[in-house]
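This briefing walks through a protein model for a reader at the bench, topic by topic. Please keep the sequence and the structure at hand while reading.

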Amino acid sequence: MSVVTQQTALDAIWEKVEAGERLNLEDGLTLMESDDLLQLGELADAARRVRGGTDEVFFVQNLYLNQTNVCRVKCKFCAFAVTQKQADAYTFTPEQLVEDALAQREGTGFTEIHMVGGESPHVDFGYYVDIVSKLHEAMPDVHLKLFTASEIHHMTTLSGLTHEQVLVELRDAGLGSLPGGGAEVFADRVRRLVAPGKEHPDFWFHTHRTAHGLGIPTHCTMLYGHVETYEERVDHLLRLRGLQDETGGFLAFIPLAFHPENTVFERRGWTHTAGSDDLKMMAVSRLLLDNVPNVKAYWIMMGMPLAAVALHFGANDVQGTVVREEIFHAAGATTETEQKIEELVHFVGEAGRIPVQRDTLYNELRRWE
Ligand code: SF4
């Protein structure tokens with residue numbers, strides 16, 4: 001597309017955003033193909049404000065746990081999973097997880113536990129229910145955001161139960177919400193290349209749709225920056241928007257940049273996404289996902305300085321204090337895992353925004369003005 005036509009196309013998108021009109025696939029591609037990063041940021045920020053966004057930027061105090069790194073799936077982008085026979089394999093018991101969480105809580109006062117892990121064939125469904133009920137019993141006031149849609153699907157294969165039955169049992173044991181992992185990029189072509197062992201993306205949608213129907217809110221993600229095209233990214237976002245139209249059950253969208261270290265992609269010469277691609281992805285996500293209230297700049301992957309810039313590209317959340325993080329660190333993220341509240345407050349304030357500490361469901365706990 002020539003520079004002049006591209007500018008005209010962006011102007012047309014400006015008009016749609018200002019009029020509160022919905023953007024389509026073609027608009028999404030025009031945005032992805034644009035090199036005018038600053039205008040994309042301006043557009044995304046305008047879209048956020050047109051839809052009622054304010055200067056508030058949210059974060060949560062949370063603890064990251066991984067119950068096991070044993071996984072049968074072998075996704076090509078994953079640096080975290082091992083087999084049961086590998087020396088560094090671990091599977092924590094529910095009691096160990098509770099003990100660890102209680103010890104962490106003394107020093108940090110987190111309000112949320114975010115836990116995901118591998119799909120181990122060496123545990124049964126009772127293991128997952130026990131984890132939820134024991135954590136809930138030990139910390140009834142902590143929100144449990146546990147298990148990706150892929151893990152929920154894994155539990156159906158372990159137990160012979162339906163997705164709904166699995167979710168009802170977990171909910172009744174104390175599950176509060178689902179994280180958004182396992183979505184990767186929905187296009188069949190991409191899934192065949194990067195995650196051939198993973199169930200079809202239809203199961204991701206089925207799990208989230210069922211959770212929403214049961215009153216369990218969830219999150220949604222996209223892991224970008226590997227083999228996918230711009231069109232496949234836009235298609236992914238539009239599919240998420242479609243489910244949100246139906247259910248309204250997504251709390252937030254989190255774009256996740258691929259980290260190639262310690263994966264087959266590193267050996268093939270893949271490198272990190274450029275900061276400009278991360279900012280563009282943030283902006284396009286905000287522009288297309290007109291019905292998802294929150295877009296997160298996940299600082300553990302982006303680094304805090306870039307996450308602060310992303311606040312001007314449509315993001316309104318910087319995720320959390322993240323007491324522990326293992327999956328992305330195995331893939332080479334070097335950001336410190338324990339970011340003090342004061343640092344988050346400082347970065348958000350320096351970006352000209354109002355830091356607001358929230359709980360998982362976006363209820364305000366504290367603000368700095
Ligand atoms: S991304 Fe998840 S499902 Fe895939 S190999 Fe890693 S732990 Fe297993």
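Helices and strands here are DSSP runs, a helix having at least four residues (H or I) and a strand at least two (E), and they are numbered from the N terminus. In that numbering, Y362 lies in the loop between β9 (354–358) and β10 (364–367). The model is a predicted one, and the points below cover its backbone exceptions, the shell around its ligand, its cysteines, its salt bridges and two of its helices.

**Backbone exceptions**

- Most residues other than glycine have a negative phi.
- Y362 departs from that pattern, with a positive phi of about 70° although it is not a glycine, and at 16% relative accessibility Y362 counts as buried.
- K74, likewise not a glycine, has a positive phi of about 60°; K74 is found in the loop between β2 (62–65) and α4 and, at 57% relative accessibility, counts as exposed.
- Two glycines that follow helices also take positive phi values: G52, just after α3, at about 100°, and G248, just after α10, at about 65°.

**The shell around the ligand**

- The residues around the ligand are C71, V73, K74, C75, F77, C78, F80, A81, G118, E119 and K198.
- By class, this shell has seven nonpolar residues, one polar residue and three charged residues.
- K74, which belongs to the shell, is the exposed loop residue described above, whereas C71, another member of the shell, is buried with a relative accessible area of 13%.

**Cysteines**

- How many disulfides does the count come to? The count comes to zero, where a disulfide would need a pair of cysteine sulfur atoms within 2.5 Å.
- C220 shows why no bond is assigned there, because its sulfur is 19 Å from the closest cysteine sulfur, in C75, which is too far for a bond.
- C220 counts as buried, at 0% relative accessibility.

**Salt bridges**

- Side chains of opposite charge can pair when their charged atoms come close.
- A search of the whole structure finds 25 salt bridges, and the pairs that follow are among them.
- The side chains of D141 and R105 meet in a salt bridge, with 3.2 Å from N to O. This pair links distant parts of the chain, 36 residues apart, with D141 in the loop between α5 (125–138) and β4 (143–146) and R105 in helix α4 (residues 94–108). D141 counts as exposed at 54% relative accessibility, while R105 counts as partly exposed at 24%.
- A salt bridge also joins the side chains of K145 and E112, at 3.5 Å from N to O. K145 lies in strand β4 and E112 in strand β3 (residues 112–115), so the pair ties together parts that are 33 residues apart in sequence. K145 is buried, with a relative accessible area of 2%, and E112 is buried as well, also with 2%.
- D130 forms a salt bridge with K134, the closest N and O atoms being 3.6 Å apart. Both residues of this pair, D130 and K134, lie in helix α5, four residues apart, which is about one turn of the helix. An α-helix has 3.6 residues a turn, so residues three or four places apart point the same way. D130 counts as partly exposed at 33% relative accessibility, and K134 is partly exposed with a relative accessible area of 29%.
- Salt bridges that share partners join D45, R48, R49, D55 and R353 into one network.

**Two helices**

- Helix α3 (residues 37–50) has 14 residues and reaches 20 Å from its first C-alpha to its last, close to the 20 Å expected at 1.5 Å a residue.
- The buried residues of α3 are Q39, L40, G41, L43, A44, D45, A46, A47 and R48; of these, D45 and R48 also take part in the salt-bridge network.
- Helix α10 (residues 230–247) has 18 residues, which at 1.5 Å a residue should span 26 Å, and its end C-alpha atoms are 26 Å apart, in agreement.
- In α10, the residues E232, R233, V234, H236, L237, L240, R241, L243 and Q244 are buried.
- Which elements do the buried residues of α10 pack against? They pack against α2 (25–33), α8 (188–194), α9 (201–213), β5 (218–224), β6 (250–257) and α12 (275–288).

Definitions and conventions. Residues are numbered from 1 along each chain as its sequence is written. This is a predicted model: local features need pLDDT of at least 70, side-chain atom pairs count only at pLDDT 80 or more; totals for chains, interfaces and linings use all residues. Side-chain values use heavy atoms; hydrogens and water are left out. A residue is near a molecule or strand if one of its heavy atoms lies within 4 Å of it. Ala, Val, Leu, Ile, Met, Phe, Trp, Tyr, Cys and Pro count as nonpolar, Asp, Glu, Lys and Arg as charged, and the others, Gly among them, as polar. A salt bridge is a side-chain nitrogen of Lys or Arg within 4 Å of a carboxyl oxygen of Asp or Glu. Buried means under 20% relative accessible area, exposed over 50%, partly exposed in between (1.4 Å probe, protein chains only). The expected span of a helix is 1.5 Å times one less than its number of residues. Contact means heavy atoms within 4.5 Å.
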